[in-house]
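Visitor: Could you take me through one part of this model up close, and then carry on to whatever lies around it? I'd like to hear what sits where, and what touches what.

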Amino acid sequence: MRRKMNHLLVLISMFAVLACGNDNTYVNPVIEGTVTGFDKEISFFGINYGKQVKVDSAGNFRITGDSIGTGMYTLGFTMLDSKKVYLKSGTVLKITIDYPQLIAKNKEAVTISGENIEETELLHELDMNSPIYEYESMADYKKYHYEKVYAKQPDVFLAEQKSKLKETNVLIDRFVENHSTIDMDFIEILKLEKLLSTNFTIGHYHKMIALYMPNEEIDVPANFTNHFAAQIPQDDFEMFKKSTQYKSYLTNKYAAKMYEALSSYERESLDFYKAQVDFLEKCTFPKVIVEDFTNGLRVGYVRSKDEKVKTYLDSMIQIKITDVKTLKIHADFKANEASYKDGDLSPQFTLVDIDGIEVSIADFKGSMVMMDCWATWCAPCIEGLPKFNKLKEKYKGKNIVFLTVSIDDNVKAWKKKVQKNSDDILGGIQLNTSQNENTFKKDFRVQGIPHYILIGADGRIIKRSAPHPGSEELYELINTNLK
């Protein structure tokens with residue numbers, strides 16, 4: 001049976017976390033839950049809060065804490081499977097989850113009860129009324145579902161999107177009429193986020209229509225770019241704190257202006273970042289936007305492989321950023337970054353392959369090792385696998401071993417993908433980081449995928465973040481170090 005994926009969960013991945021923000025009013029809620037068919041920790045997170053929650057041998061878990069603020073939170077199992085809840089003063093939520101049935105999107109998979117949980121009940125009702133699509137991964141969703149959404153003439157497409165939004169709002173209004181104690185701030189944010197989601201979908205029509213109806217000349221209305229602009233509040237920085245989607249919307253507006261001013265510089269180059277710092281010092285953007293973009297220098301540091309860029313960004317981070325939490329994240333990243341670096345002996349690790357057999361880096365002593373870290377839900381990863389296979393063919397018979405390492409938490413989905421092996425892209429040694437206890441992702445700083453790692457025959461790391469397969473830089477690295 002093909003994996004089903006709820007449209008609302010897809011939107012969570014597309015727009016980051018669909019979450020009403022948590023304010024500074026700590027509410028000390030209680031969530032008592034039982035989950036069957038799931039034996040890992042549950043991620044529990046909101047706009048300014050996150051933790052891992054342990055599940056005992058009977059499937060029970062409990063969440064409480066005096067630093068949890070009013071707002072929407074997500075109980076996350078994998079990238080594709082999650083459940084949203086809303087917490088406020090006096091919330092006592094009891095939730096039971098049949099995880100295999102949650103994966104299958106069975107409407108009976110989740111039951112909820114408790115006190116002050118009207119908002120969670122509404123979220124659950126919206127979830128249950130969302131369309132269900134039968135796709136195994138985000139990559140399959142994009143490949144097959146987008147055509148159903150976008151391959152329409154503009155007027156038909158727009159009418160369909162507006163109709164879906166209207167139906168959602170009618171459901172919300174009907175629920176509010178029957179629940180007089182529901183938090184109306186929550187309703188305001190929820191409706192705004194539904195509007196923003198639809199605005200995002202309409203805004204991508206001009207790109208998608210060229211892919212799915214390439215042989216037709218279609219005049220895309222100019223107002224599709226930001227169709228609901230007149231209905232979306234502008235520069236509402238209270239809402240900015242409460243809604244990740246609104247924060248993203250507003251941030252993108254100012255980012256477009258900044259990048260236009262920096263368009264003469266190569267993105268992520270040293271000159272680009274110097275110009276960006278200068279721009280942020282002189283621009284007339286609202287203070288909260290400037291602070292947000294300044295905090296974003298940390299992301300540039302994480303992404304960069306240029307030591308000159310990293311040195312400059314590190315100095316600017318220490319000077320320009322005042323947010324204590326961001327500085328701590330940066331310091332922790334640097335500490336981890338320094339643990340294993342290029343030229344060091346590789347950390348030892350043992351992972352489990354598709355047949356349940358343990359495979360260790362020590363098994364390949366004396367050979368160069370090239371690793372492709374990927375996941376079934378990562379579209380760029382799937383697109384990169386054929387190039388990784390070509391790399392294997394190019395060096396067939398040479399003293400180099402190729403390992404494909406999945407970071408999927410959903411081992412069942414990973415095994416199904418590998419065994420299906422569509423387009424013959426998943427051959428050779430297939431490993432997974434979630435089948436046993438290991439520190440692979442931490443040791444190699446696998447914080448984004450696809451991620452490639454090259455280890456020399458002497459056991460030392462040549463590149464902890466290697467170039468992508470097919471690049472001349474990678475060929476040169478391999479040829480120079482191959483023995």
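Guide: Here is a walk that starts at one helix, goes on to the cysteines, and ends with some helix packing. Keep in mind that this is a predicted model.

Let's start with helix H18, residues 472–481. Its buried residues are Leu474, Tyr475, Leu477 and Ile478. These four cover an arc of only 160 degrees around the axis, so they sit on the same side of H18. That fits the textbook picture: an α-helix has 3.6 residues a turn, so residues three or four places apart point the same way. Turn to the other side of H18 and you find Glu472, Glu476 and Thr480, which are exposed.

So what covers the buried residues of H18? The cover includes four strands and a helix, namely S13 (368–374), S14 (400–406), S16 (451–455) and S17 (461–463), plus helix H15 (379–394).

Now for the cysteines. The model has one disulfide by the distance rule, and it links Cys378 with Cys381, the two sulfurs being 2.3 Å apart. The torsion about that S-S bond is about 75 degrees, so the disulfide is right-handed. Both partners are tucked away: Cys378 has 5% relative accessibility and so counts as buried, and Cys381, at 0%, counts as buried too. Cys373, by contrast, is in no disulfide; its nearest cysteine sulfur belongs to Cys381 and is 9.0 Å away. Cys373 is at 0% relative accessibility, so it is buried as well. Cys283 has 18% relative accessibility, and since the cut-off for buried is under 20%, Cys283 also counts as buried.

Next, some helix pairs. Two packed helices are described by the angle between their axes and the distance between the axes. Take H3 (residues 118–128) and H6 (residues 184–203): their axes come within 11 Å and cross at roughly 25 degrees. That angle makes H3 roughly parallel to H6, and the crossing is right-handed. On the H3 side, the residues that meet H6 are Glu119, Leu122, Leu123 and Leu126, and their counterparts in H6 are Phe186, Ile187, Leu190 and Lys194.

Compare that with H9 (residues 244–261) and H11 (residues 287–295), whose axes are 11 Å apart and which pack at an angle of about 80 degrees. H9 and H11 are therefore roughly perpendicular to each other. Here Lys247, Thr251, Tyr254, Ala255 and Met258 of H9 meet Ile289, Asp292 and Phe293 of H11.

Two single residues round off the tour. Ile232 belongs to the loop between helix H7 (205–212) and helix H8 (237–242). Despite being in a loop, Ile232 is buried, with a relative accessible area of 3%. Leaving aside residues up to four places away in sequence, Ile232 touches Leu192, Leu195, Leu196, Asn199, Asn226, Tyr246 and Tyr249. One of those, Tyr246, is 14 residues from Ile232 along the chain, with 8.9 Å between the two C-alpha atoms.

The other is Ala275, in helix H10 (residues 270–282). Ala275 has 12% relative accessibility, so it counts as buried. Not counting residues up to four places away in sequence, Ala275 touches Leu262 and Tyr265. As for Ile317, 42 residues from Ala275 along the chain, the two C-alpha atoms are separated by 15 Å.

How values were computed: Residues numbered from 1 in each chain as written. Predicted model: local features only at pLDDT ≥ 70, side-chain atom pairs only at ≥ 80, totals over all residues. Heavy atoms only, no water. Buried < 20%, exposed > 50% of the residue type's maximum accessible area, 1.4 Å probe, protein only. Helix = DSSP H or I, 4+ residues; strand = E, 2+ residues; numbered from the N terminus. Arc of directions from axis to C-beta. Contact = heavy atoms within 4.5 Å. Disulfide = S-S within 2.5 Å. Axes fitted to C-alpha atoms, helices over the stretch in contact; angles between N-to-C directions. Parallel < 35°, antiparallel > 145°, perpendicular 65-115°, else oblique. Left-handed = near helix turned anticlockwise from the far one by under 90°.
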